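Reader: I've just opened this one and I'm finding my way around. Could you walk me through it?

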Amino acid sequence: MQITFLGATRTVTGSRYVVDDGSHRVLVDCGLFQGEKVLRLRNWQPLPVAPASLAAVVLTHAHIDHSGFVPLLVRQGYKGRIHCSEATYELCRILLTDSGRLQEEEAAYANRHGYSKHTPALPLYTRDDATRCLRQFTPVPFDKDVMLPGGLRMRLSPAGHILGASIVTLDVGGSRIVFSGDLGRPHDLIMKPPTAIAEADYLVLESTYGDRRHAPEPPMVELGEVINRTVARGGKVIVPSFAVGRVQELLYCIHLLRTEGTISSLVPVHLDSPMATGVTALYRRFRLQHRLSPEACAAMCGVAQIAETPADSRQLDEASMPMVIISASGMAAGGRVLHHLRALAGDPRNTLLFSGYQAAGTRGAAIVGGAPEVKMLGQMVAIRAEVAQLDGLSAHADGDEIMAWLDGFKRPPRRTFVTHGEAAAAEALRARIAATLGWQAEVPEFLQEYDLN
């Protein structure tokens, strides 16, 4: 039996792992690479494993760095089923089709304005590609054993993090392999804590925040301060945000800040992301997966005014009054938020508020890192607005919280593979696991294979 790491090695994107028992191959996660160009170029390369040779695909959750390559996998010849939780399926229906639409729009925009190095610029995949791949999805309930081809057994357990996020357990050839996926926080404002796992022969563990500790202060305090000081100088708060999980937490925090009188309810909040709008509605449908009461969920969903069309989006940039604009994507990788940043980043009255992890090589990382100008939509844009970052809203467990989750194992895995983290974070968590728990832990390299015997 082998496991091969096709992504999320010393980076937080492109999550893809292949388990091969000698007669059947299972792909766990099928994500897009984001960030640095050398990573993004991998999206245009064929999967190192022939898609037709895969017996099954299992997704831990719907974020694009875990699911975004599925339309290409199907287009390249994968014919089997794609297993995931019920909420992950519903989210993928929104995220994948929206991803295809955005890529078509961005390719068309690049062709109209002539800033692409390719003639013509092409989308990585289209909305039709995304729609076709959804026919192969098989949603399954949590905590139920599911048989895969070749007698392999799979179970999904809630991971917190976002709706539908799963810890994947595979029983293969008498061995148990556990994939943490992205672990949520034990005291998250909205999501319930990740499921405790008792045992595994092999563990594939995320390490996004493996080298740090989240700030103990409630994120609402800083969020309220950012909004108030920006409004006081007549500016706008532009929030690039992940459409799944982060947008909803921001909306709920703003609801609480308004309720307690910390910020004025007269300051309008606009949600400029059709994808995030659809996602927010799913919190009502899957209410048992999170902590919010029906009343709190309804209040969260009613905080923002929705920008339905591109024309609505442009009007937000042209308006003279202070406001909060929340728009995808969280690392400023694409979408309508780029138009807001291009229009508003040069005004020192405004604030660019980043509310989550910024992968190396992304526009978000460059802006948070203090870059005086950043390229977007084919032109260099000066960054004169205030730049702020909210770490407390992270949906990822930090180093201490990951270690606390590992304490739930009754016996150590034979080997622990630390993935889905930048090199420093992954290595720090590996060293901590080895020193504190005495487990055999290692950080895989891209395309590295391990024999599990």
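Author: Sure, let's start with a term: a charge sits over a ring if NZ of Lys or CZ of Arg is within 6 Å of the ring centre and within 35 degrees of the ring normal. This is a predicted model, where local features need pLDDT of at least 70, side-chain atom pairs count only at pLDDT 80 or more, and totals for chains, interfaces and linings use all residues. Residues are numbered from 1 along each chain as its sequence is written, and side-chain values use heavy atoms, with hydrogens and water left out.

Reader: Which ring does R16 lie over?

Author: Look for its charged end above a ring face. The distance to the ring centre is 4.1 Å, and the ring belongs to F69.

Reader: And how far is R42 from the centre of the F33 ring?

Author: Here too a charged end sits over a ring, R42 over F33. The distance from the ring centre is 5.0 Å.

Reader: Which helix gives the largest share of the largest nonpolar core?

Author: A nonpolar core is a set of buried Ala, Val, Leu, Ile, Met, Phe, Trp, Tyr and Cys residues joined through side-chain atoms within 4.5 Å; buried means under 20% relative accessible area, exposed over 50%, partly exposed in between (1.4 Å probe, protein chains only). The largest one has 121 residues, and L96, F137, L170, F179, I326 and L406 touch the most other members. Helices (H or I, at least four residues) and strands (E, at least two) are DSSP runs, numbered from the N terminus. Seven residues, the largest share of this core, come from helix α7.

Reader: What does L406 contact, leaving aside neighbours within four places in sequence?

Author: Contact means heavy atoms within 4.5 Å. By that rule, the partners of L406 are L203, L205, I433, L437 and W439.

Reader: How are the rings of W405 and F409 arranged?

Author: Rings of Phe, Tyr and Trp (its six-membered ring) pair if their centres lie within 6.5 Å; planes under 30 degrees apart count as stacked, over 60 as edge-to-face and the rest as tilted. For W405 and F409 the centres are 5.5 Å apart and the planes at 85 degrees, so the pair is edge-to-face.

Reader: Is W439, which pairs with F409, buried or exposed?

Author: The rings of F409 and W439 have centres 5.7 Å apart and planes at 75 degrees, so they pair edge-to-face. This pair links parts of the chain 30 residues apart. W439 has 9% relative accessibility, so it counts as buried.
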